[in-house]
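Reader: I am in my first year and would like to look closely at a single part of this structure rather than at everything at once. Could you take one helix and explain, step by step, what surrounds it?

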Amino acid sequence: MYGSERLVGNRGLIQIQNIQAPMQSLALLPTVQTLGVDLVHIQRMQDIYNRWGERILVRLFTDQERHSCQNANGYRWRSLAGRFGAKEAVKKILASQGQLVGLNEIEILNGTYGEPYIRLHGRAQAAFEHLGYTRLMLSISHDAGMAIATVIAS
């Protein structure tokens, strides 16, 4: 009964449309869900910082993001890499629909229990609303020198 799925792939982005499901679960499915994924080499974040200094982090991250990724020895690079990947995943979702936004308009924060969540500002918030999305779900993971972020917009 799920034979009408249509997946549209575009460099780390999958859009799922027109899913037919049993009648009792139709109300639970949004009409469009979009998936954005990004993979970041953690050492690359540190190398960029070593080359460009603090100004590159100011360009890529909000004050609150930088502050939450600092420790006594400097920055927690895996946390910054994961946040950068999450921002790129959100940008892919919005860009797939013709909406271009800046990285500082996408903010990756932590909830009470350390769980990551997304806060949008300016053009990113306007684009999100214009496209009819109501929810963003985020997962970030780190291992073996890499960080991966997955975002679902629905």
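Author: What follows is a close look at helix α4 and its surroundings.

The model is a predicted one, in which local features need pLDDT of at least 70 and side-chain atom pairs count only at pLDDT 80 or more, while totals for chains, interfaces and linings use all residues. Residues are numbered from 1 along each chain as its sequence is written, and side-chain values use heavy atoms, with hydrogens and water left out.

To set the scene, the protein chain has five helices and nine strands, where helices (H or I, at least four residues) and strands (E, at least two) are DSSP runs numbered from the N terminus. Of its 154 residues, 35% are buried, a word that stands for under 20% relative accessible area, with exposed meaning over 50% and partly exposed in between (1.4 Å probe, protein chains only).

Helix α4 covers residues 77-95. Its 19 residues should span 27 Å at 1.5 Å a residue, and the end C-alpha atoms lie 26 Å apart, which agrees; the expected span is 1.5 Å times one less than the number of residues. Because 15 of these 19 residues are buried, α4 is largely enclosed by the rest of the structure.

Part of that enclosure can be followed through the largest nonpolar core, which has 18 residues. A nonpolar core is a set of buried Ala, Val, Leu, Ile, Met, Phe, Trp, Tyr and Cys residues joined through side-chain atoms within 4.5 Å. Two or more residues of this core come from each of α4, β6 (106-110), β7 (116-120), α5 (122-130) and β9 (146-153), and the largest share, five residues, belongs to α4. Val90 and Val151 are among the members that touch the most others. Leaving aside residues up to four places away in sequence, Val151 touches residues including Ala86, Ala89, Val90 and Ile93, as well as Ile118 and Leu138; contact here means heavy atoms within 4.5 Å. In soluble globular proteins, nonpolar side chains tend to be buried together.

We can now turn to the helix that packs against α4. The axes of α1 and α4 are 8 Å apart and meet at an angle of about 100 degrees, where axes are lines fitted to C-alpha atoms, for helices over the stretch in contact, and angles run from 0 to 180 degrees between N-to-C directions. The two helices are therefore roughly perpendicular to each other, the class for 65 to 115 degrees, whereas under 35 counts as roughly parallel, over 145 as roughly antiparallel and the rest as oblique. On the α1 side the contact is made by Ile42, Met45, Gln46 and Tyr49, and on the α4 side by Trp77, Arg78, Leu80, Ala81 and Phe84.

Two of these residues, Tyr49 and Trp77, also form a tilted aromatic pair, with 5.1 Å between centres and 50 degrees between planes. Rings of Phe, Tyr and Trp (its six-membered ring) pair if their centres lie within 6.5 Å, and planes under 30 degrees apart count as stacked, over 60 as edge-to-face and the rest as tilted. Since Tyr49 lies in α1 and Trp77 in α4, the pair ties together parts that are 28 residues apart in sequence. Trp77 is buried, at 13% relative accessible area, whereas Tyr49 is partly exposed, at 25%. Tyr49, Tyr75 and Trp77 together form one aromatic cluster, and Tyr75, at 10% relative accessibility, counts as buried.
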